[in-house]
Amino acid sequence: MIYFDNSATTKVDSSVLATYQQVSENYWGNPSSLHNFGEKAEQLLRQSRRQIATQLEVQPTEIYFTSGGTEGDNWVLKGTAFAKRQFGRHLITTEVEHDAVKQSMRRLAELGFEITYLPVDGEGRVNPADLAAAIRPETTLVSVMAVNNEMGAVQPLDELAAVLADHPKIHFHVDAVQGIGKGLHQLIFNDRVDFITFSGHKFHAPRGVGFIYARTGKHLMPLFDGGGQERGQRSGTENLPAIAAMAKAVRLVKDHEEQTVAHEQALRRALRDYLQQFEKVHLFSGTGPHFAPHILCFAIEGVKGETIVHAFEEAEIYLSTTSACSSKKGETSSTLRAMGVDPEIAKGAVRISLSDQNTMAEVEQFKTVFARLYEQFKALS
């Protein structure tokens, strides 16, 4: 089996899984309990928070645990909108965000907020001048993803931050779910960025756990009320085994980041160089620093994306039709649509997404299978 769908989810690392099991078996006390057994759980919770903060070069008090990227995006967007609504009801995002952001914005629009969607160029990137033109006195939030989950474009966060430098009261949120461990730390943790969203299952941690970074002094309205966990900002008994496992995964991904980036770049380059030889293949993911090392999006003219996915599945090679969250809905990629790609070609878009666990031998096997399937697809089209 060859798994090329790591942007959808990654395999849990064996040592991370061992941490999850160890904590489940030995630290099942509630961190909020007053007894010694609960205190031990609380100590491990603090240790996990501190470990993540150290790896990301931030303060432990700036880390808040969540259930993953969707909750994190919802919390920052809705928490900002509600907390700052007396100052304005205008929010800014882009046309190429993940559904967790897009659907949250649509929900806020139903509640009376006004949303501006910034366009992107042919590479899927925002023009900072468009952001500058969109800002109003009543703007309270700008939300831009770091790495597009469909075709890997890296947004110019440093240039967007420079635009927002003159607007310190506007919250600047970055969805970095696809950005951790990809050589983008300095870009993502810009001094002007206020909130950042992460999801554990994108970097070999368990599903159902994530965290947000919230800069000191920046406030959100809580979405969950209850026992007052996470310093009153996110109530609910903490998923300690998953949190401890995620802390381990963060350390591993940061410890090996340089090697992982180089490895994924080499795999992606080999795949891209091979695919561009075929007349009916359209490559949407470019090269260079404007694109993440692990995502490659392409289409075969005249062939639907789901047809390509299922054909490779029969050869036990697993990839996806762009975003996993919308793949079963049969929707054309919103990112490619925003980039101005011909809708007929966009229907055939598929995504390869790599991890450090993939190998060059798998790339060679993919090439062999692709050559055979391409001839079949040509005959069909």
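**Figure 1. An exposed tryptophan and its aromatic partner.** At a relative accessibility of 63%, Trp28 counts as exposed in this predicted model. Its neighbour in this view, Phe37, is partly exposed, with a relative accessible area of 30%. The search of the whole structure that yields this pair finds 16 aromatic pairs. The ring centres of Trp28 and Phe37 lie 4.8 Å apart and the planes meet at 70°, so the arrangement is edge-to-face; the angle needed for that class is over 60 degrees. A further edge-to-face pair is formed by Tyr274 and Phe278, with 5.1 Å from centre to centre and 65° between the planes.

**Figure 2. The aromatic cluster that contains Tyr274 and Phe278.** Both Tyr274 and Phe278 are buried. The two residues belong to one aromatic cluster together with Phe4, Phe298, Phe312, Phe366, Phe370 and Tyr374.

**Figure 3. Arginine residues over aromatic rings.** Arg89 lies over the face of Phe113, at 4.7 Å from the ring centre. Arg231 takes up a position over the face of Tyr64, at 4.2 Å from the ring centre.

**Figure 4. An open sheet of seven strands.** The strand order is β2-β8-β7-β6-β5-β3-β4, and the pairing is mixed. The edges are formed by β2 (63-66) and β4 (114-118), each of which has a single partner strand, so one side of each is left without a neighbour in the sheet. On average, neighbouring strands of this sheet are turned by 20° against each other, direction ignored. Within the sheet, β3 (residues 90-94) and β5 (residues 139-145) pair in the parallel sense over three bridges. Ile92 stands opposite Val142 in β5.

**Figure 5. Helix α3 and the buried glycine Gly72.** Helix α3 (residues 69-83) lies across β2, β3, β5, β6 (171-175), β7 (195-199) and β8 (210-214), and runs at about 160° to β7. Gly72 is placed in this helix, α3. With 0% relative accessibility, Gly72 counts as buried. Apart from neighbours within four places in sequence, Gly72 is in contact with Thr197 and Ile212. The C-alpha atoms of Gly72 and Asn358 are separated by 28 Å, and the two residues are 286 residues apart along the chain.

**Figure 6. Two separate nonpolar cores.** In soluble globular proteins, nonpolar side chains tend to be buried together. Here the largest nonpolar core has 72 residues, and Phe172 and Phe211 have the most contacts inside it. Helix α8 (residues 240-255) supplies the largest share of this core, eleven residues. When residues up to four places away in sequence are not counted, the residues touched by Phe211 include Ile52, Leu56, Ile63, Tyr64, Phe65, Met246 and Val250. A second, separate core of 29 residues includes Leu271, Ile300, Phe312 and Phe366.

**Figure 7. Positive phi values at His204 and Glu316.** Most residues other than glycine have a negative phi. His204, in contrast, has a positive phi near 70°. His204 lies in the loop between β7 and β8 and, at 10% relative accessibility, counts as buried. Glu316 also is not a glycine and has a positive phi of about 60°. This residue, Glu316, is found in the loop between α10 (305-314) and β11 (317-318). Glu316 is partly exposed, with a relative accessible area of 46%.

How values were computed:
Residues are numbered from 1 along each chain as its sequence is written. This is a predicted model: local features need pLDDT of at least 70, side-chain atom pairs count only at pLDDT 80 or more; totals for chains, interfaces and linings use all residues. Side-chain values use heavy atoms; hydrogens and water are left out. Rings of Phe, Tyr and Trp (its six-membered ring) pair if their centres lie within 6.5 Å; planes under 30 degrees apart count as stacked, over 60 as edge-to-face and the rest as tilted. Buried means under 20% relative accessible area, exposed over 50%, partly exposed in between (1.4 Å probe, protein chains only). A charge sits over a ring if NZ of Lys or CZ of Arg is within 6 Å of the ring centre and within 35 degrees of the ring normal. Two strands pair if DSSP finds at least two bridges between them. Helices (H or I, at least four residues) and strands (E, at least two) are DSSP runs, numbered from the N terminus. Axes are lines fitted to C-alpha atoms, for helices over the stretch in contact, and angles run from 0 to 180 degrees between N-to-C directions. Contact means heavy atoms within 4.5 Å. A nonpolar core is a set of buried Ala, Val, Leu, Ile, Met, Phe, Trp, Tyr and Cys residues joined through side-chain atoms within 4.5 Å.
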